[in-house]
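Student: Could you take me through one part of this structure closely, beginning with the inside of the protein and working outwards from there? I would like to see how the pieces connect.

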Amino acid sequence: MGANMARRLNDRGFHVTTVYDVNRAVATTLAQELQCAASPTLGEVTAGADVIFTIVTDDQAMRDIFTGADNLLLNARGKLFVNCATVSPEIHVEVERWADAAGAASLEACMASSITQARKGSLYLMCGGREENFRRAEPILKELSTSLRYLGKSGEAAKVKALVNMVMNIDTAGLAEGLGLGDALGLDLTMLREVFSQTGAASRVLQTDGEDMQNRDHTCFFSAAHAAKDSGIALQLAEKCGLDLPLARETKAQYDRMIASGLGELDKSGIAELTFKGRHPTR
């Protein structure tokens with residue numbers, strides 16, 4: 001996602017000054033493509049840019065890049081951090097507090113899109129934080145998105161993003177079960193997907209994942225491991241509210257099962273491997 005966002009901004013005339021990845025080779029290759037620097041440390045990223053985008057895997061990774069021995073807040077006064085990862089609302093609030101202490105600013109810009117949209121500049125972005133920080137980032141964010149929403153204080157966008165992914169994951173699991181049962185019944189799955197698309201079974205997931213489930217093409221755009229993590233964030237929010245969400249809970253259990261079976265790096269559509277007869281050793 002980050003690489004394609006950098007490519008998009010470069011195409012739109014923004015000066016991408018430096019890139020960073022824990023995999024040094026990945027950063028170097030991208031830097032050569034964009035003719036920019038590949039910073040060896042996080043501190044050098046901040047030194048080389050006025051606006052810094054971050055996309056990491058989870059809460060701990062966010063803490064590491066902002067509070068570790070090598071971190072982005074070294075000499076960060078006046079800089080703006082735009083944080084795009086799907087993490088808990090609480091960590092976005094913490095990052096805002098850490099940035100404030102360093103004389104910097106932060107904004108959450110949660111993405112409800114995938115790799116292709118990042119390259120085309122058609123992301124769906126939901127932002128949370130101080131409105132002045134949103135306005136400061138807005139000219140850049142408009143070049144990355146076709147839908148840009150400001151949702152309020154820090155943490156609010158992360159709540160919405162957790163719910164988006166929770167419902168998407170439930171939809172994905174439901175579609176896999178529907179197609180898996182159709183296959184077991186001997187139905188033509190292409191026909192079945194067409195019927196689904198024209199009835200109450202229609203969904204965005206049907207458009208993005210249905211054919212992949214049928215053809216067992218699970219090239220990763222959004223991994224099962226990330227699906228499990230994001231459903232877990234939503235379940236933690238539900239627990240704090242005193243709500244029981246059985247569909248979300250069982251969906252997370254399915255993705256956890258994929259991880260335990262060594263399928264965690266497949267696209268989330270790979271959940272069909274658990275529901276089609278004969279695909280998985282336990283089926």
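Tutor: By class, the lining of the largest cavity has six polar residues, two charged ones and one nonpolar one. Keep in mind that we are looking at a predicted model. The residues that line this cavity are N83, H92, E96, S106, L107, E108, G128, G129 and S154. You can sort them yourself: L107 is in the lining, and leucine counts as nonpolar. E96 and E108 are in the lining as well, and glutamate counts as charged. The volume of the largest cavity is about 40 Å³, and the count of cavities of 30 Å³ or more comes to one.

Which elements supply the lining? Both α5 and β5 give at least two residues each. The largest share, three residues, comes from β5.

Let us follow α5 away from the cavity. Helix α5 covers residues 89-101, and it packs with helix α4, residues 59-67, at an angle of about 5 degrees. The axes of these two helices are 10 Å apart. Angles under 35 degrees count as roughly parallel, so α4 and α5 are roughly parallel to each other. On the α4 side, the contact is made by D59, M62, R63, F66 and T67. On the α5 side, the residues are I91, H92, E94, V95 and W98. Here is a nice link: H92 takes part in this contact and also lines the largest cavity. Sorted by class, the contact of α4 with α5 has five nonpolar, three charged and two polar residues. There is a general pattern to look for when you study such lists: an α-helix has 3.6 residues a turn, so residues three or four places apart point the same way. Try it with M62 and F66 of α4, both of which are in the contact.

Now look at the loops on either side of α4. D58 sits in the loop between β3 and α4. With a relative accessible area of 31%, D58 is partly exposed. D58 also shows how a chain can bring distant parts of its sequence together in space: D58 and D230 are 172 residues apart in sequence, yet their C-alpha atoms are 9.3 Å apart. On the other side, N75 lies in the loop between α4 and β4, residues 80-83. The relative accessibility of N75 is 74%, so N75 counts as exposed. Its backbone deserves a look too. Most residues other than glycine have a negative phi. N75 is not a glycine, but it has a positive phi of about 55 degrees.

Next, let us come back to β5, the strand that supplies the largest share of the cavity lining. β5, residues 105-111, is one of the elements that the buried residues of α1 pack against. Which residues of α1 are buried? They are N4, M5, A6, R8 and L9, in a helix that runs over residues 2-11. Besides β5, these buried residues pack against α2, β3, α6, β6 and α7. Just after α1, G13 takes a positive phi of about 90 degrees.

The pairing of α1 with α2 is worth a closer look. Their axes come within 11 Å and cross at roughly 10 degrees, and α1 and α2 are therefore roughly parallel to each other. A3, A6, R7 and N10 of α1 make the contact with L30, E33 and L34 of α2. By class, four residues of this contact are nonpolar, two are charged and one is polar. Notice A6, which is in this contact and is also one of the buried residues of α1.

Let us finish further along the chain. R216 is in the loop between α10, residues 204-215, and α11. R216 is another residue other than glycine with a positive phi, near 60 degrees. After that loop, A225 lies in helix α11, residues 224-241. At 23% relative accessibility, A225 counts as partly exposed. Leaving aside its neighbours within four places in sequence, A225 is in contact with I259, G264 and E265. Finally, Q254 is in helix α12, residues 246-260. Its relative accessible area is 19%, so Q254 is buried. Beyond its neighbours within four places in sequence, Q254 is in contact with I271, L274 and T275.

Terms used. Residues are numbered from 1 along each chain as its sequence is written. This is a predicted model: local features need pLDDT of at least 70, side-chain atom pairs count only at pLDDT 80 or more; totals for chains, interfaces and linings use all residues. Side-chain values use heavy atoms; hydrogens and water are left out. Buried means under 20% relative accessible area, exposed over 50%, partly exposed in between (1.4 Å probe, protein chains only). Helices (H or I, at least four residues) and strands (E, at least two) are DSSP runs, numbered from the N terminus. Contact means heavy atoms within 4.5 Å. Axes are lines fitted to C-alpha atoms, for helices over the stretch in contact, and angles run from 0 to 180 degrees between N-to-C directions. Angles under 35 degrees count as roughly parallel, over 145 as roughly antiparallel, 65 to 115 as roughly perpendicular and the rest as oblique. On a 1 Å grid over the protein atoms alone, a cavity is a set of points where a 1.4 Å probe fits but cannot get out, and a pocket is an open set with protein on both sides within 12 Å along at least five of seven lines; lining residues have an atom within 4 Å of a point. Grid points are joined across faces, edges and corners, and a volume is the space filled by probe spheres set on the points.
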